[in-house]
Amino acid sequence: SLVSGKIQNQRTILRRNLPGFTSPFLRDCCRLWLDCHAAHCRGSVADMARWLACGRDAQEQAIALLQLTMLLCREKDYSRAEEVVARAVTLFPQSPLLWRAWVSLAGGRAEVIAAARNAFPNDPELWLAWLVMEVRRSGDENNIRASLGDVIAAESVPAGTMTRAGDFLMRKGMASAALVAAKYASANAQGLVPAHFLLLRCAVVTNDRESALQAAKRAIDAALEPPLFCYQVIVDLKGLANPKDTDVYDALKQLRRRDFTNSHWAEKLGYIYFQRGGMDIGNALTETSFAIDNGATSKVTFVIAAESARLIRDYNRAVKYLRNGCASYPGDVALFNNLVYVLSLRPETLSEAHSQVGQLLNMDTNNPSILDTAAVVYLNSGEWETAEKLLAQALALAPHHSPEWMATKLHQAELWFKRGALKESRAILEDLGRNSQQIPDSLLYEVDTLRNQVSAALDTGRKPASLN
């Protein structure tokens, strides 16, 4: 075994160095160590008296007895090992190492642990031994929490020891006490990754969302290759409400990169890309397309894939995803409304859109988005009076300055533009421009495009192409 190999290596080194020792204590102790090791602690070489004779004072005698203790432990003779280390403690009680060795061999005996704690009340390993004993003896979690508070206030226990304490408490079902230990350990970890994982476990069990999020972020910062679970915690806890949240954005990119066959992450990342807008629209289409191609059937994913395709003028894909969505969700108003709208944008599919307007309006005549879509169909078909009436109805129903209201105002400006009412069209566009921060990216480009067309028409005095 690894331990046996190390001891064999130690024996070789001692034999080689033994002739050079000038200290009588080291020379006699090492020679006895070699003999005792070779004899497997049998015979007179393991007599305590012989080891005591190596030392010239109490400290050297205690050191010698500690060596005998370790050799006896190697032979699994733990009762004799405890007897020897207990004698070492009486010889040199000012050594915390000797007390720790005795406690480790005492089998959790309360009197040994109490004596050790009395001798070194601030020793972290001895405190941990007391904690284990107290949990097994009484199971009083309040008492454990009080002790945790004392050592945390005194800052006498390092993060590593506190992490072990918290792990033990978790395994014993004391989650609230473990959380106290984990919070301290994680805050003082200084790169100790297990401390953050412990806090994450405790926070999940105790439903402490803030601590879980904090632990996940710390673990990601500290670990070379953080587990995917850490990123998933961030996404689950913070959600997708804020597309500019860099924690969620970065977490989803990591999940997508490392769990690349999972369409679930592609759906979520596609949603974030779409909400971020601008140059990320193409990424939104890439992610949602991957998700759909790999079995995703979420209505939102169909909508985002189609809308992303529409925004980059890839109408064929937009129609494809909307038809797939309508097939998966028969009778869904939003999907059918979007399909009719996209069909109305190209001359080759406008007639199909026109044929579907009646069915669309029958679904809900009080829905401003449906009225707006119907208006666009008639607007592109040259039926401007019908389009004007539908736009007016949609504006009356849509909340002022809502995305739906802005889209309808844009189409109203387009209607005035096609009719040659350039000043009226410009006035609407200028009003929208004053609220540009509220305009969705999906509309902002269209507003700017139409505004440029109106300005060009006013500057040149030419009528719009549709009127020539």
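Let's start at Arg-80, which at 30% relative accessibility counts as partly exposed. In this predicted model, the side chain of Arg-80 meets that of Asp-77 in a salt bridge, with N and O 3.4 Å apart. Asp-77 is partly exposed too, its relative accessible area being 22%. The general idea is simple: side chains of opposite charge can pair when their charged atoms come close. The count of salt bridges here comes to 29, so there are other pairs to look at.

One of them joins Asp-245 to Lys-238, where the closest N and O atoms are 2.9 Å apart. The two partners sit in different surroundings. Asp-245 is buried, because its relative accessible area of 15% falls under the 20% cut-off, whereas Lys-238 is partly exposed at 29%. This pair also belongs to something wider: Lys-217, Lys-238, Asp-245 and Asp-247 are linked in a network of salt bridges.

For another salt bridge, jump to helix α25, which covers residues 422-434. Here the side chains of Asp-431 and Arg-434 meet, N to O, at 3.7 Å. Both residues lie in α25, 3 residues apart, and that is about one turn of the helix. An α-helix has 3.6 residues a turn, so residues three or four places apart point the same way. Asp-431 is partly exposed, with a relative accessible area of 24%, while Arg-434 counts as exposed at 61%.

Asp-431 turns up again when you look at Lys-409, a residue of helix α24 (residues 403-419). Lys-409 is buried yet has no salt bridge. What is the nearest side chain of opposite charge to Lys-409, and how far away is it? That is Asp-431, 5.9 Å away, and a salt bridge needs a nitrogen and an oxygen within 4 Å, so this pair does not count as one. Setting aside residues up to four places away in sequence, Lys-409 touches Leu-395, Ile-428 and Leu-432.

A buried residue with a charge can be found elsewhere as well. Glu-60 lies in helix α4, residues 58-74, and counts as buried at 13% relative accessibility. Beyond residues up to four places away in sequence, Glu-60 touches Phe-25, Cys-54 and Gly-55.

Now for the nonpolar interior. The largest nonpolar core has 100 residues, and the members that touch the most others are Trp-51, Trp-127, Met-162, Leu-169 and Leu-252. Which helix gives the most to this core? Helix α8 (residues 124-137) does, with 9 residues. To get a feel for the packing, look around Trp-127: leaving aside neighbours within four places in sequence, Trp-127 is in contact with Arg-117, Ser-147, Leu-148, Val-151, Val-157, Met-162 and Ala-165. Apart from the largest core lies another one, of 34 residues, among them Val-357, Leu-371, Tyr-378 and Leu-379.

Helix α12 is a good one to follow along its length. It runs over residues 193-206, so to speak 14 residues in all, and reaches 20 Å from its first C-alpha to its last, close to the 20 Å expected at 1.5 Å a residue. The buried residues of α12 are Val-193, Ala-195, His-196, Leu-198, Leu-199, Leu-200, Cys-202 and Ala-203. They pack against α10 (159-171), α11 (175-187), α13 (209-222) and α14 (228-238). Just after α12 comes Asn-207, whose phi is positive, near 60°.

One of those packing partners, α14, holds Leu-237. Leu-237 is partly exposed, with a relative accessible area of 23%. Not counting residues up to four places away in sequence, Leu-237 touches Arg-209, Ala-212 and Leu-213. For a sense of distance, compare Leu-237 with Asp-47: they are 190 residues apart in sequence and 63 Å apart in space, C-alpha to C-alpha.

The last stop is the aromatic rings, where the count comes to 2 pairs. In one of them, the rings of Tyr-249 and Tyr-273 have their centres 5.9 Å apart and their planes at 85°, so the pair is edge-to-face. Tyr-249 lies in helix α15 (residues 246-258) and Tyr-273 in helix α16 (residues 263-276), so the pair ties together parts that are 24 residues apart in sequence. Both tyrosines, Tyr-249 and Tyr-273, are buried.

How values were computed
Residues are numbered from 1 along each chain as its sequence is written. This is a predicted model: local features need pLDDT of at least 70, side-chain atom pairs count only at pLDDT 80 or more; totals for chains, interfaces and linings use all residues. Side-chain values use heavy atoms; hydrogens and water are left out. Helices (H or I, at least four residues) and strands (E, at least two) are DSSP runs, numbered from the N terminus. Buried means under 20% relative accessible area, exposed over 50%, partly exposed in between (1.4 Å probe, protein chains only). Lys and Arg count as positive and Asp and Glu as negative; His and the chain ends are not counted. Contact means heavy atoms within 4.5 Å. A nonpolar core is a set of buried Ala, Val, Leu, Ile, Met, Phe, Trp, Tyr and Cys residues joined through side-chain atoms within 4.5 Å. The expected span of a helix is 1.5 Å times one less than its number of residues. Rings of Phe, Tyr and Trp (its six-membered ring) pair if their centres lie within 6.5 Å; planes under 30 degrees apart count as stacked, over 60 as edge-to-face and the rest as tilted.
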